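Trainee: I should be grateful for a close look at one part of this structure, with its surroundings explained in order.

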Amino acid sequence: MLAKTNLQSKLERVRNRDNSGEKLLDQIKTIFDQVEDKYNSIQSKLNNSDDVDFNDFDLDLLESKNVYHISHIQKICIDYRLRFLDSSYFKNEIPFEAIQKIKNLEQEHETELKGFKIMAPSKLFKLENADDPLLFAPIGNGYYYLIHKWGNDLSPFRKLAMWPFKCFENFMLTVFITALLTTSLVPNGFFMDPENSGTEFFLLFIFMFKWIGGVALYYGFAKGKNFNEAIWKSKYYNA
């Protein structure tokens with residue numbers, strides 16, 4: 001009976017014929033060193049700010065679904081109270097998949113990418129005094145290329161929850177509606193004669209509006225908060 005062919009043994013024999021074990025390990029080490037050097041180079045660029053708003057992409061190789069204008073990014077940041085800042089301000093670890101995608105893009109486009117930006121909630125950035133990150137690289141003329149998205153999706157209620165902080169008008173409308181609802185919960189005649197319920201409601205509403213608005217504004221100023229329209233590109237937590 002003929003012995004069955006062991007493919008692994010055959011493969012090892014062919015490999016050993018071309019390379020000794022030590023030579024092969026040296027080659028592998030060289031490859032790993034090159035990969036590590038490239039990884040460290042990309043990580044360094046992500047950790048350091050580059051005042052760059054253009055990368056030499058090959059436009060024929062770009063995927064249109066990943067191209068966004070700064071106005072698109074601005075709208076999402078304002079709607080969901082997010083920041084769009086240099087990757088150097090990002091305090092969490094950027095996943096290996098993102099770095100690998102940068103490396104692949106650099107090879108495909110034969111260029112070195114710089115000026116990375118990240119869109120994410122404020123808590124994920126190291127902000128100076130004054131949930132799902134997206135990594136971008138600038139293309140030029142206000143356009144950005146989405147490289148990688150990671151983490152969990154935002155809560156479906158985040159846009160609604162952040163609507164009052166979008167701008168001053170939204171804030172005042174929220175205070176108005178809250179005061180109106182709070183006033184309606186007070187029984188008629190609780191403070192005045194039932195015959196004067198209209199006057200009572202109006203006076204109580206004015207009081208509620210001033211009280212709720214005052215507390216909200218005091219809390220906002222005390223915490224250094226600002227509206228979404230003002231902070232989406234700010235590197236300061238109180239500006």
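Which way do K117, I118, M119 and A120 point from strand 3, and are they buried or exposed?

Mentor: The model is predicted, and the description below should be read with that in mind. In strand 3, K117 and M119 point one way, whereas I118 and A120 point the other way. All four of these residues are buried.

The setting of strand 3 may be taken next. The chain has 239 residues, of which 35% count as buried. Its secondary structure comes to eight helices and five strands, and along the sequence these follow the pattern α-α-β-α-β-α-β-β-β-α-α-α-α. An open sheet of five strands is present, in the order 1-5-4-3-2, with antiparallel pairing. The edges of this sheet are formed by strand 1 (67-69) and strand 2 (83-86); each has a single partner strand, so one side of each is left without a neighbour in the sheet. On average, and with direction ignored, neighbouring strands of the sheet are turned by 35° against each other.

In that order, strand 3 stands between strand 4 and strand 2. Towards strand 2, four bridges join the antiparallel pair, and I118 of strand 3 is the bridge partner of L85. Towards strand 4, three bridges join strand 3 to its antiparallel neighbour, and here I118 stands opposite L135. I118 is thus matched with L85 as well as with L135.

Beyond strand 4 (134-140) comes strand 5, covering residues 143-149. Six bridges join these two antiparallel strands, and one of the pairings links P138 with Y144 in strand 5. The hairpin they form has two residues between the strands, and N141 takes a positive phi near 55° in it. Strand 5 is mostly covered, since five of its seven residues are buried. On its way to the edge of the sheet, the order continues from strand 5 to strand 1: three bridges join this antiparallel pair, and H69 has Y143 of strand 5 as its bridge partner.

Two helices should be added to the picture. Helix 3 (residues 70-80) packs on the sheet and touches strand 3 (117-120) as well as strand 1, strand 2, strand 4 and strand 5. The direction of helix 3 makes about 75° with that of strand 1. Helix 4 (residues 96-109) lies across strand 4 and strand 5, and runs at about 130° to strand 5.

Helix 4 and strand 5 also take part in a pocket, the second largest, and each supplies at least two residues of its lining. About 200 Å³ of space lies in this pocket. Of the 13 residues that line the second largest pocket, E63, N66, L105, Y145 and I147 lie nearest its centre. By class, its lining has five nonpolar, four polar and four charged residues.

To return to the request, strand 3 is joined by bridges to strand 2 and to strand 4, is touched by helix 3, and has K117, I118, M119 and A120 buried, with K117 and M119 pointing one way and I118 and A120 the other.

Methods. Residues are numbered from 1 along each chain as its sequence is written. This is a predicted model: local features need pLDDT of at least 70, side-chain atom pairs count only at pLDDT 80 or more; totals for chains, interfaces and linings use all residues. Side-chain values use heavy atoms; hydrogens and water are left out. Two strands pair if DSSP finds at least two bridges between them. Axes are lines fitted to C-alpha atoms, for helices over the stretch in contact, and angles run from 0 to 180 degrees between N-to-C directions. Contact means heavy atoms within 4.5 Å. On a 1 Å grid over the protein atoms alone, a cavity is a set of points where a 1.4 Å probe fits but cannot get out, and a pocket is an open set with protein on both sides within 12 Å along at least five of seven lines; lining residues have an atom within 4 Å of a point. Grid points are joined across faces, edges and corners, and a volume is the space filled by probe spheres set on the points. Ala, Val, Leu, Ile, Met, Phe, Trp, Tyr, Cys and Pro count as nonpolar, Asp, Glu, Lys and Arg as charged, and the others, Gly among them, as polar. Buried means under 20% relative accessible area, exposed over 50%, partly exposed in between (1.4 Å probe, protein chains only).
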